[in-house]
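Before reading on, please open the sequence and the coordinates side by side. The paragraphs below are meant to be followed with both in view.

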Amino acid sequence: MDWIRLTKSGKDLAGVKGRLVEVTEEELAKHSSKEDCWICIRGFVYNVTPYMEYHPGGEEELMKAAGTDGTDLFDQVHRWVNYESMLKECLVGRMALKPVSVSKEISSISEEKKRLNGLLLEKKVLDASAKDSTPSYDWFQTDSLITIVIYTKQKDMNAELVIVDCEDKRLRGEIILNDYSYVLEVDLDHAVEEDFLIKIAEKIGKVEINLKKKDNNHWKTLGQPLESHNTFVKRKSRDLFYRKCKLVSKTEVTHDTKLFCFKLPESTHFHIPTGQHVYLKHIIAGTEVVKPYTPLLPFLPLDFEEPSCHDSANIYLMIKIYPSGLFTQALDRLQIGDCISISNPEGNFRKSQVEAVEDLVLLAAGTGFTPMVKVLSFALTEVVSLRTAKLIFFNKTEDDILWRNQLEQLALKDERFEVQFVLSEPARGWAGQQGRISSSLLSGFLKRSRKDSKVLVCICGPAPFTEQGVQCLKDLGYSQEEMHAFTA
Ligand code: FAD
Ligand code: NAD
């Protein structure tokens, strides 16, 4: 909030007296001290000196990019952050273009244009391996239907990999293919009904989107292609896409944590894969703020068998409200019926990591519990090889334990599941485990159900907790493949 206030104060934060300048690499390199620090992100140069003391990661992190192009570093750490909005008052100007030799450009990006179904298609192919698997699409119509067929060439296609939004006449379909994403984005020729149907031929990787025409007009083209139409690029280089979701309920979980339920628009087809997070975007004091949250199920798998098929119209988020939290305070002020923008999912956890596991261990601290809910539900309901599932849940006090009752019930109901609570600030009288994560504490809990059993240890919590946990696991002889750390 202090930073937002400073940006609204009218001070010349960029230090260029309101003019935008063209910055050469040599000029950029000259501004590399804390007192005079320029950084380039995606071709735009910002004077980040006034922002130093407000940067959540501290000055040191910002200084890693001082006087250079910080785009890669920024993308590694928090590419979802809307720096354009946050740093708009610090904009110095654009990087001056360097002449590029034509042959170099051709070898790095091959662009192929062709006409199909009356649309000008532009395919951007980033490298040879991606080119081999570039999806394609086709469309046809009847009097009442428009059918778009996407040939992904991926054998194990499933509903979690297909995200479709169709609002007014704007259709956007995204197919996730490992690290790549294929997008169709069209301003449709005519209006369609809100509800549409997705059909997936899993084995051959064919995805069909069936749209219902609002009238029986014959369409000459599918529509006008929009900027990302028919592009196949690395997921990380794609801008996040958001849709507005309505708050339908907010219930207390503990004294400071609430379960928020947001309803997706009718015109969105969207399943959030196990272990992945989304970004929530909200305008706070005139500035766009974005934070990641991990969707979970409304409850643990106590009474039903197939949680992953359950309730795909709603997104459930368990969120801790921090007394001085910029975003969580704003979230807490939302009223039922208010809307918030929610992005497509991201994250590098794959269900296949759990598929053949025999012993699953979940190390969670505080709201680091959130990704564990879907992982645990998936393992208990769908992983036939699973022998044991153990949650070691680190919290400050007893009052902070999320879903304690449900966890204890689950442990009673399913003999494969066990839960241990570890408190770092227990009240007098706490008879359970206490302390913080350490190798000695973990060694007491982590036992394979049989020698050489296939194990996965998942870990999530505050960054120092996760870092220490990973180190402890290494010290205890766990391999990289046997652990998954949830980070941004
Ligand atoms: P800020 O304004 O950023 O901070 C205000 C104060 O709150 C800080 O001074 C500090 O005291 C406290 N605080 C803020 N952030 C943290 C933090 N991360 N750890 C400890 N103390 C903090 N949170 C959830 O509640 N549920 C989730 O499902 C969830 N999923 C996440 C998934 C990912 C991939 C990541 C990276 C984070 C996730 N978080 C989750 C944390 C969330 O993104 C925010 O950091 C958190 O909600 C605080 O935001 P804020 O703007 O309210 O706090
Ligand atoms: P908290 O402050 O209540 O702490 C919970 C427990 O974490 C403590 O009892 C302690 O055992 C441990 N802990 C805290 N600080 C530690 C430290 N410096 N070193 C070692 N152990 C420590 O936790 P919270 O406020 O609920 O925060 C949860 C965290 O989990 C947040 O930082 C959030 O960003 C993160 N999170 C990450 C993801 C993800 O996918 N990456 C998902 C959800 C939450």
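What follows goes through the sheets and then through the surroundings of the two ligands.

The model is a predicted one, and every value quoted here was computed from it. Strands of a sheet pair through backbone hydrogen bonds, and they do so either in parallel or in antiparallel fashion. An open sheet with mixed pairing is built from five strands, which follow one another in the order β1-β5-β4-β3-β2. Its edges are formed by β1 (21-23) and β2 (32-33), each of which pairs on one side only. Within this sheet, β3 (residues 36-41) and β4 (residues 44-47) run antiparallel to each other and are joined over four bridges; to find the register, one may start from I39, whose bridge partner in β4 is Y46.

Another open sheet consists of four strands in the order β8-β9-β14-β13, and here the pairing is antiparallel. The edge positions are taken by β8 (136-141) and β13 (192-201), each pairing on one side only, and from one strand to the next the twist averages 20 degrees. The pair formed by β8 and β9 (residues 145-151) is antiparallel and extends over six bridges, with D138 having V149 of β9 as its bridge partner.

The next strand pair leads towards a ligand. Strand β20 (residues 278-284) and β21 are paired in the antiparallel sense over seven bridges, and K281 is matched with V290 in β21. Two residues lie between the strands of this hairpin, in which A285 adopts a positive phi near 50 degrees.

β21 (287-293) is also one of the elements that line ligand 1: together with β23 (314-320) and α8 (326-332), it is listed among those that each supply at least two residues of the shell. In total, 18 residues surround ligand 1, and the closest are K291, P292, Y293, L326 and T328. By class, this shell comprises eight nonpolar, eight polar and two charged residues. Which atoms of the protein approach oxygen atoms of ligand 1? A polar side-chain atom of Y293 lies 2.7 Å from an oxygen atom of the ligand, whereas K320 contributes a polar backbone atom that is 2.9 Å from an oxygen atom of ligand 1, and F327 likewise a polar backbone atom, at 2.8 Å from a ligand oxygen. Taken alone, ligand 1 exposes 900 Å², of which the protein buries 65%.

K320 appears again at the other ligand, since K320, Y322, T367, N395 and S424 are the closest of the 21 residues that surround ligand 2. There an N or O atom in the side chain of K320 is 2.9 Å from an oxygen atom of ligand 2. Nitrogen atoms of ligand 2 have polar neighbours too: a polar side-chain atom of Q468 lies 3.5 Å from one such atom, and a backbone N or O atom of F486 lies 3.3 Å from a nitrogen atom of the ligand. Taken alone, ligand 2 exposes 870 Å², and the protein buries 78% of that area.

Where does the shell around ligand 2 come from, in terms of domains? At least three of its residues are drawn from each of domain 3 (242-343) and domain 4 (351-485). Among secondary-structure elements, β26 (388-395) and α13 (463-475) each supply at least two residues, with α13 giving the most, namely three. By class, the shell around ligand 2 has eight nonpolar, 10 polar and three charged residues.

Note on methods: Residues numbered from 1 in each chain as written. Chains lettered and ligands numbered in written order. Predicted model: local features only at pLDDT ≥ 70, side-chain atom pairs only at ≥ 80, totals over all residues. Heavy atoms only, no water. Near = heavy atom within 4 Å. Polar contact = N/O pair within 3.5 Å; in protein donor to acceptor, adjacent residues only side chain to side chain. Areas by Shrake-Rupley, 256 points an atom, 1.4 Å probe, with all protein chains shown as cover. Nonpolar A, V, L, I, M, F, W, Y, C, P; charged D, E, K, R; others polar. Pairing = 2+ DSSP bridges. Domains from an automatic or database assignment. Axes fitted to C-alpha atoms, helices over the stretch in contact; angles between N-to-C directions.
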